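User: I am a first-year student learning to read protein structures. Please take a close look at the nonpolar patch on the surface of this model, and then explain how the strands around it are put together.

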Amino acid sequence: MLSEVLLVSAPGKVILHGEHAVVHGKVALAVALNLRTFLRLQPHSNGKVDLSLPNIGIKWAWDVARLQLLDTSFLGGPRRIWS
């Protein structure tokens, strides 16, 4: 089980030209913004894991036991990500 808080962030982006063209193998012009989205994942002793996206006011919680049943084969790694 995840034993620590996981905090990640990613920069915002703006696609100035060609957003739909890239699905057809064409070029697009994108730039990063000085704005970030943060994600915080935190396990709890009650068997739940919380997902918090504070920038947009979203908070969710799941039972770890149910998450372990998810098929993660599309990630290319082990089928279960938590031991």
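Analyst: The nonpolar patch on the surface is formed by Val14, Leu16, Leu29, Val31, Leu33 and Leu35, which together have about 500 Å² of accessible area. Two elements give two or more residues each to this patch, namely strand E1 (6–17) and strand E2 (29–43). The largest share comes from E2, with four residues. Leu33, for instance, is a residue of strand E2. Leu33 counts as partly exposed because its relative accessibility is 34%, and the range for that class runs from 20% to 50%.

Before going further, please note that this is a predicted model. The mean pLDDT of the protein is 79, and 81% of its residues reach 70 or more. Among the elements, E1 has the highest mean pLDDT, 88, whereas helix H1 (residues 64–67) has the lowest, 79. This matters for reading any such model, because predicted coordinates should not be read in detail where pLDDT is low.

The wider setting of the patch comes next. The protein contains one helix and four strands. Along the sequence, these elements follow the pattern β-β-β-β-α. Of the 83 residues in the protein, 13% are buried.

The four strands form an open sheet in the order E1-E2-E3-E4, and their pairing is antiparallel. E1 and E4 are the edge strands, since each of them pairs on one side only. From one strand to the next, the twist averages 25 degrees. In general, strands of a sheet pair through backbone hydrogen bonds, and the pairing may be parallel or antiparallel.

Moving across the sheet from E2, one comes to its pairing with E3. These two strands pair in the antiparallel sense over four bridges. Two positions illustrate the pairing: Pro43 stands opposite Val49 in E3, and Arg40 has Ser52 in E3 as its bridge partner. E2 and E3 also form a hairpin, with four residues between them. In the turn of this hairpin, Gly47 has a positive phi of about 85 degrees.

The next pair is E3 with E4. These strands run antiparallel and are joined by six bridges. Ser52, already met as the bridge partner of Arg40, stands opposite Lys59 in E4. E3 and E4 form a hairpin as well, again with four residues between the strands. Here the turn contains Gly57, whose phi is positive at about 70 degrees.

The loop between strand E3 (48–53) and strand E4 (58–63) also holds Ile56. Is Ile56 buried or exposed? Ile56 is exposed, because its relative accessible area is 58% and the exposed class begins over 50%. Ile56 can also be placed relative to a residue elsewhere in the sequence: Ile56 and Phe38 are 18 residues apart in sequence, and their C-alpha atoms are 9.4 Å apart in space.

Finally, E3 and E4 are connected by a contact between charged side chains. Side chains of opposite charge can pair when their charged atoms come close. A search of the whole structure finds one salt bridge. This salt bridge is formed by Lys48 and Asp63, whose closest N and O atoms are 2.9 Å apart. The pair links distant parts of the chain, with Lys48 in strand E3 and Asp63 in strand E4, 15 residues apart. The two residues also face each other in the sheet, as Lys48 stands opposite Asp63 in E4. Lys48 counts as partly exposed because its relative accessibility is 31%. Asp63 likewise counts as partly exposed, because its relative accessibility is 33%.

To return to your request, the patch draws four residues from E2, and E2 pairs in turn with E3 in the antiparallel sense. E3 is then joined to E4 by six bridges, and the salt bridge between Lys48 and Asp63 links those two strands.

Methods: Residues are numbered from 1 along each chain as its sequence is written. This is a predicted model: local features need pLDDT of at least 70, side-chain atom pairs count only at pLDDT 80 or more; totals for chains, interfaces and linings use all residues. Side-chain values use heavy atoms; hydrogens and water are left out. Patches are made of residues with over 30% relative accessible area and no salt bridge: like charges are joined within 9 Å, nonpolar side chains (Val, Leu, Ile, Met, Phe, Trp, Tyr) within 5 Å. Accessible areas come from the Shrake-Rupley method with a 1.4 Å probe; for residues, only the protein chains shown count as cover. A salt bridge is a side-chain nitrogen of Lys or Arg within 4 Å of a carboxyl oxygen of Asp or Glu. Buried means under 20% relative accessible area, exposed over 50%, partly exposed in between (1.4 Å probe, protein chains only). Two strands pair if DSSP finds at least two bridges between them. Axes are lines fitted to C-alpha atoms, for helices over the stretch in contact, and angles run from 0 to 180 degrees between N-to-C directions. pLDDT is the predictor's confidence in each residue, from 0 to 100.
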